[in-house]
Amino acid sequence: MEVAIIATAATVLGSAYYTKRNSDLQKKAIKRSNAYAQTAADQQNQQAQIALNEQKRKNKNLLAEQQAAYKASLSAGGINTKNGFSQTYLNALQREYDMEDKYLDKQAKISADAVLNSLNQTSSTNLLRLNAINNTQQSNLYNTLGNLANGVGRTMIK
């Protein structure tokens with residue numbers, strides 16, 4: 001009878017051990033998934049920022065080229081670039097550049113928000129999975145204790 005009690009207890013506890021071990025492995029996988037998602041989001045944001053800075057640099061260089069070419073053509077004709085239509089045209093070029101910069105900043109913000117939303121979705125999904133694992137683990141613990149008590153009780157009655 002004592003051997004049967006020990007065998008029942010060993011079987012139930014062995015099952016509980018492997019269930020806990022699997023739960024722990026799943027939790028580690030979820031933590032790795034969260035870390036990977038965070039790293040990927042950081043890299044995407046860095047790449048987007050680099051691309052934004054490069055596009056802004058190109059636009060600034062283009063503006064400087066356009067303004068210099070216009071000033072050179074006016075100077076070659078003997079026209080002053082400090083007043084009148086010339087200055088209006090140069091100001092329009094500057095406003096166009098400023099609008100393009102604002103557009104690029106808005107696009108970068110939308111892109112960053114999309115990356116953040118994706119990261120939040122991954123984190124939320126993983127949190128739900130983690131809660132489900134914790135609930136299952138707790139339920140398994142109670143079942144194990146119940147099975148152990150039932151097994152020992154049945155064995156003692158025999």
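Helices (H or I, at least four residues) and strands (E, at least two) are DSSP runs, numbered from the N terminus. The views below show a predicted model, in which local features need pLDDT of at least 70, side-chain atom pairs count only at pLDDT 80 or more, and totals for chains, interfaces and linings use all residues. Residues are numbered from 1 along each chain as its sequence is written, and side-chain values use heavy atoms, with hydrogens and water left out.

**View 1. The whole protein chain has two helices and zero strands.** The chain holds 158 residues, and 18% of them count as buried (buried means under 20% relative accessible area, exposed over 50%, partly exposed in between; 1.4 Å probe, protein chains only). About 11500 Å² of the chain is exposed, with carbon and sulfur atoms supplying 57% of that area (accessible areas come from the Shrake-Rupley method with a 1.4 Å probe; for residues, only the protein chains shown count as cover). Among contacts between residues at least 6 apart in sequence, 82% join residues at least 24 apart (contact means heavy atoms within 4.5 Å).

**View 2. The largest nonpolar core has six residues.** They are Leu63, Tyr70, Leu74, Leu90, Leu93 and Tyr97. Helix α1 (2-76) and helix α2 (84-157) each supply at least two residues of this core. A nonpolar core is a set of buried Ala, Val, Leu, Ile, Met, Phe, Trp, Tyr and Cys residues joined through side-chain atoms within 4.5 Å. Leaving aside residues up to four places away in sequence, Leu63 touches Leu93, Gln94 and Tyr97.

**View 3. Lys56 and Asp105 form a salt bridge.** A salt bridge is a side-chain nitrogen of Lys or Arg within 4 Å of a carboxyl oxygen of Asp or Glu. In this pair the closest N and O atoms are 2.7 Å apart. The bridge links distant parts of the chain, since Lys56 is in helix α1 and Asp105 in helix α2, 49 residues apart. Lys56 is partly exposed at 22% relative accessible area, and Asp105 is partly exposed at 34%. A search of the whole structure finds three salt bridges.

**View 4. Glu54 and Arg57 form a salt bridge within helix α1.** Their closest N and O atoms are 2.5 Å apart. The two residues are separated by about one helical turn, because they are three residues apart in the helix. Glu54 is partly exposed, with a relative accessibility of 32%. Arg57 is also partly exposed, with a value of 42%.

**View 5. Asp113 and Lys109 form a salt bridge within helix α2.** The closest N and O atoms of this pair are 3.2 Å apart. Asp113 and Lys109 are four residues apart in the helix, so about one helical turn separates them. Lys109 counts as exposed at 52% relative accessibility, whereas Asp113 counts as partly exposed at 32%.

**View 6. Leu141, Tyr142 and Leu145 make a nonpolar surface patch.** The patch covers about 330 Å². Patches are made of residues with over 30% relative accessible area and no salt bridge: like charges are joined within 9 Å, nonpolar side chains (Val, Leu, Ile, Met, Phe, Trp, Tyr) within 5 Å. Leu145 lies in helix α2 and is partly exposed, at 48% relative accessibility.

**View 7. Arg129 lies in helix α2.** Its relative accessible area is 40%, so Arg129 is partly exposed. The C-alpha atoms of Arg129 and Lys27 are separated by 8.7 Å, although these residues are 102 residues apart along the chain.
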